[in-house]
Amino acid sequence: MDFEALKKYSALHPKPAGLTLQYGTAGFRSKAEQLDHVMFRMGLLAALRSRATGSTIGVMVTASHNPEEDNGVKLVDPLGEMLHPSWEEYATQLANAEEQDLQKTLTEICQKAAVNQQKDASVFIGRDTRPSSKKLSQAVIDGVSVLGGQYHDYGLVTTPQLHYVVCCQNTREQYGKPTLEGYYQKLSKAFMELIKKFTLPFFLCVKSPGSGEGQRHLKIDCANGIGALKLSEMQPYLPKEVLVHIYNDGTKEKLNHLCGADFVKVHQKPPKGLDMKPNERCCSFDGDADRIVYYYTDTAGHFHLIDGDKIATLISIFLKELLAKVGQTLKMAVIQTAYANGSSTRYLEETLQVPVHCVKTGVKHLHHKAQEFDVGVYFEANGHGTVLFSKAAENTIRQLAKDEKDDAKREAAKVLENLIDLINQTVGDAISDMLVIEAILSLKGLTVHQWDAFYTDFPNRLLKVQVADRQVIDTTDAERRAVTPPGLQEKIDALVKKYKFSRAFVRPSGTEDVVRIYAEADTQENADALAHEVSLAVYHLAGGRGAPPQPL
């Protein structure tokens, strides 16, 4: 390690005095102007992680659904998965080390993680469309370079695309070619194979839907982010009947401002800039295109949200039918978090007879649990999710698609094989998930209204309360019960008893000093009242800041 060069470069990316950040589920997130030193140091860490694993590591510069003024960074491990938890600690230590301790901290990480500094280091770098992202990704490059690492700068990419190319590189292209062209080719080929039996003209979306054709149209809100750019790039790879019409493409408005998947999910209303006609299918990506939610308005003008729970249900129905047809005893399960609507859990377990497992919030927990099954479907209610197939299940399916003598079984196996190729198994991917959903709706002949009618969500409300220190809240039972502060869970239990079909839980944010509150009940009025009462309990018992929460 060239400590002189390190000192020189580090001085170009100084740490603001007194700033402390935590590497959470989504990596680091903060105001963009506070992150230059973090980016440089994550470049250093990525080079060390690469040497420790003998693999290419990814660094993505994005703050996802956060406001445009924010930015962030997350590291991608060799198979496209989230950074290993032990290295999350190293990331936090390195980001918070004072200038004079940087060399010592790096040396300690190398010793603890047994990093061979003679090995080559390889890092793939991507960024979103935020004005600050280019400069911040240059700081990452400086960090990789000062430790003698090699890097490939992919420039503007969606977060899932970076996860994808990292996985392709480290599987020696078994997963695909580590290029954007490779990504577009793999997904479009699988999509076209899936829908080729669909005889009607297939429209993902058209410029001006004619009357009576609304069910075959999809309007896409791209949150004024990277998704618009990449969806446009993908268009030539899709069949000519598929006309992509993008809203909120980033040319006029700010990233994530009154639009995007998070806005639609939280506010339960359509995004700005998208003109909706009754029963027209619409969807929203988030700022880095790793989340997707669907929605529509009915003829009475009521807004209907189809979130990650209903996406998981649609995919599970389709997979269960196919697995039954191929006649294999492959174990399938759906993985949810406490945010999943209680009605979805009930439908999956009781009607579909599919096992459901609840884990702590955070993609890494869902992903990890899903790996325990032959087929693991996971979606957070916010629209982030994917499907994982075990190696054994994938091999079985591909073998059946090739060699099975029974026509019906072989055809079902071929559909499964194309689904495996269309799904981005590394991480939730709005583009990939959208194509999967559109293919399933087409093959099953379902309208958006029929999809929505699988079950009725219990009315719910998400709130957040600012607190002095989010760490005063500790939880158990997959975050469904609070252990501290004393008395809080007892208060929540008492409040829940006041309402029918109700439940509520609180959990600390992974990135900021706020406590998130979720409540469900038999009516929206009751869900709102319960959420408000729980937020007051949090405010009084967990050190709320500012004015007390006001009724909705």
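Trainee: Which helix gives the most to the lining of the second largest pocket?

Mentor: Helix 7 does, with five residues; a helix here is a DSSP run of H or I of at least four residues, a strand a run of E of at least two, numbered from the N terminus. The model is predicted, so local features need pLDDT of at least 70. Residues are numbered from 1 along each chain.

Trainee: What makes the lining of the second largest pocket mixed in nonpolar, polar and charged residues?

Mentor: The lining divides into nine nonpolar, nine polar and eight charged residues. Asp, Glu, Lys and Arg count as charged, Ala, Val, Leu, Ile, Met, Phe, Trp, Tyr, Cys and Pro as nonpolar, and the others, Gly among them, as polar.

Trainee: Why is strand 2 called mostly covered?

Mentor: Buried means under 20% relative accessible area, exposed over 50%, and partly exposed in between, with a 1.4 Å probe and protein chains only. Six of the six residues of strand 2 (residues 56-61) are buried, therefore each of them falls under 20%. On one side these are Thr56, Gly58 and Met60, and on the other Ile57, Val59 and Val61.

Trainee: How do you know that strand 2 and strand 4 pair?

Mentor: Two strands pair if DSSP finds at least two bridges between them. Strand 2 and strand 4 (residues 122-127) have six bridges, in the parallel sense, so the condition is met. One of the partnerships joins valine 59 to isoleucine 125.

Trainee: What is the sense of strand 2 and strand 3?

Mentor: Strand 2 and strand 3 (residues 70-76) run antiparallel, joined by four bridges. Glycine 58 has valine 76 as its bridge partner in strand 3.

Key: This is a predicted model: local features need pLDDT of at least 70, side-chain atom pairs count only at pLDDT 80 or more; totals for chains, interfaces and linings use all residues. Side-chain values use heavy atoms; hydrogens and water are left out.
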